[in-house]
Amino acid sequence: MLNDTQQALRAHIQQLLANKQLNDAHYLLVQRLKQNPEDHVCYFLLSEVNAAAGDINKAIKLLEKALSLASFAIYHLALAKLYVLLGKVSNAAVHYQDALQTTDLSAADFDTLANIATRLGYYDDALSLQKAAYQRNKDNLQISYNLAVCYKIHGLFDEAKNVLQQLTTKQPYFYQAHYSQAELNTDVDAKLHIQKLQALANKEKTIIEQQVYFHSLALNYEHLDDYKNAFKYFALSKQAIASKVNYQTTQHRHFCQKLITKSKQQAIESSDSAFSPVFVVGMPRSGTTLIEKILNQSEQLKGIGELNDIAQLIQHATQSVHVIDSEMLDKAYTSKAIKAALTNYQQRAEQLSDGLRSCDKQPFNFYYIDFILAAFPNAKIVCMQRDWRDCSIANFRQLYNPQSVFHHYSFAIEDIASYHQDYSALVSHFANKYPENVFLQSYEQLVAEPTQQTQKLYAFCDLSWQESCLSFYKNNAASVTASKKQIRQPLNKSSIGSWQNYAKFIDADLFQ
């Protein structure tokens, strides 16, 4: 661990970075290295300077140099963080394990370690690490908020609500905390929370703050069954971001049509892998989490969360700038590197599934079905289908991160409806192409005929059906999805036809 002098140097460099004085920080560290070329702390801090400048690869090389001189846990921690940012999760997992070998870390370091654990799917680790961060610094608002998020992931909603209510009282302008609190409110809580939020109405806000603020109001009005005001604030939340993401429906439709055409015309040679994972895919809010929880009741299967590995590995294998665009597609269907790259996915999935078959619930893996099945011919892929009106409203009332390119369709109700059509065309194509590997599961049929539908689902996935699969809501396993409250309730029809609550506020021509 760093001594007091080294800690003081780190604090000074971090202050320079906070003030955007990257050149000053760089000059200071280079001068120190001229005096002592073996100063591992300087290499570590130079990596932070380069990471702040956006040069992640250079930052990694500097950290590796620091580690060659001294095997400090914080160096492994920093490397794990950078590898996560690059999407190199296997590398990140190795350094994450090395960073765990000490408890001599600061609150901020434990907080970072907890975030890495969440990204890697180690949710139990994440909660214990976040508690450690909180115990070391209970006054740090972000650490407190991150603890509340961990509580929510684990279904500890009362604990989360308690932390969030304290946060929004202590710091009224912490809009993300308001949103998380609004998700958990009862109707009684909602009335009081609306008053607290309305007091902030005239406070100047960034675009992101507007998005979260309006969404918090919308959720509270929804708790009160005031759908007129709920829709008003959902719309304001979306409008705050729509122009920023500039989603193009025609561009996405062209991409999906091109994907179908290439899938029909260009065969990809299959590997001989015996790996037989299960994937659950679909539009967000279509029931993917529900299906995942039902499947994970099987003793033959273990959920590994929503891994981003497939998209990232394909992007790296094709050396593409974006994860979903025509350029990437052209490279992907001619690339010989993808199947080899996906062996890294297999290694990680097997590590997370503890000797059982893995179940990955990354919704957007439906774009990559051809490549998944070329690499893993024995994989089973369940594609969720839900009434387009319910699915569209469910997406419209969901808060998504504008930085996620996968969610850019979700900021206008018309775009969501168009995206649903594109998704349906894609999965219908893949189901026809791979009848033994791709299964279309209707949400409505599942709710109407739970036993019959789950028996079909289990049979398709080569799992032994058990009646306990319908008791998924009793399973307290962690969930990072937007459905973390719903999946802790029995199967029910409450969300079917929910679009009608908002029908009168939407262009009549859209929902015909």
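**Aromatic pairs, cysteines and two loop residues**

Good morning. I begin with the aromatic residues: ring pairs join Phe255, Phe364, Phe366, Tyr367, Tyr368, Phe406 and Tyr423 into a cluster. Please keep in mind throughout that this is a predicted model.

Beyond that cluster, let me turn to individual pairs. Over the whole structure, the search returns 27 aromatic pairs. One of them is formed by Tyr221 and Tyr233: the ring centres lie 5.7 Å apart and the planes meet at 5 degrees, so this pair is stacked. Tyr221 belongs to helix 13 and Tyr233 to helix 14, 12 residues apart, and the pair thereby links distant parts of the chain. Both Tyr221 and Tyr233 are buried.

A second example is Phe279 with Tyr345. Here the centres are 5.7 Å apart and the planes stand at 25 degrees; because planes under 30 degrees apart count as stacked, the pair of Phe279 and Tyr345 is stacked. Phe279 is located in strand 1 (residues 278-281) and Tyr345 in helix 19, so the contact ties together parts that are 66 residues apart in sequence. Phe279 is buried, with a relative accessible area of 0%, and Tyr345 likewise counts as buried at 0% relative accessibility.

Aromatic rings also meet charged groups in this model. The charged end of Lys205 sits over the ring of Tyr213, at 4.3 Å from the ring centre. In another case, the charged end of Arg386 sits over the ring of Tyr443, 5.3 Å from its centre.

I now move to the cysteines. How many disulfides does the count give? The count comes to 0 disulfides. Why is Cys256 without a bond? The closest cysteine sulfur to that of Cys256 belongs to Cys383 and is 13 Å away, which is too far for a bond, because a disulfide requires sulfur atoms within 2.5 Å. For Cys383, the closest cysteine sulfur is in Cys461, at 11 Å, and that too is too far for a bond. Both positions are enclosed: Cys256 is buried with a relative accessible area of 3%, and Cys383 is buried with a relative accessible area of 0%.

Cys383 also leads us to the strands. Strand 4 (residues 380-385) pairs with strand 5 in the parallel sense, over 5 bridges, and Cys383 stands opposite Leu440 in strand 5. Is strand 5 (residues 438-442) largely enclosed or largely open? Of its 5 residues, 4 are buried, so strand 5 is largely enclosed by the rest of the structure.

Finally, I would draw attention to the backbone at two aspartates. Asp225 has a positive phi of about 60 degrees, although it is not a glycine. Asp225 is placed in the loop between helix 13 (207-223) and helix 14 (227-245), and those helices carry the stacked Tyr221 and Tyr233 described earlier. Asp225 is exposed, with a relative accessible area of 54%.

The other aspartate is Asp354, a residue other than glycine whose phi is positive, near 55 degrees. Where is Asp354 found? Asp354 is in the loop between helix 19 (338-352) and strand 3 (357-360). Helix 19 is the element that contains Tyr345, the partner of Phe279. Asp354 is exposed, at a relative accessible area of 55%.

That concludes my remarks, and I thank you for your attention.

How values were computed. Residues are numbered from 1 along each chain as its sequence is written. This is a predicted model: local features need pLDDT of at least 70, side-chain atom pairs count only at pLDDT 80 or more; totals for chains, interfaces and linings use all residues. Side-chain values use heavy atoms; hydrogens and water are left out. Buried means under 20% relative accessible area, exposed over 50%, partly exposed in between (1.4 Å probe, protein chains only). Two strands pair if DSSP finds at least two bridges between them. Rings of Phe, Tyr and Trp (its six-membered ring) pair if their centres lie within 6.5 Å; planes under 30 degrees apart count as stacked, over 60 as edge-to-face and the rest as tilted. A charge sits over a ring if NZ of Lys or CZ of Arg is within 6 Å of the ring centre and within 35 degrees of the ring normal.
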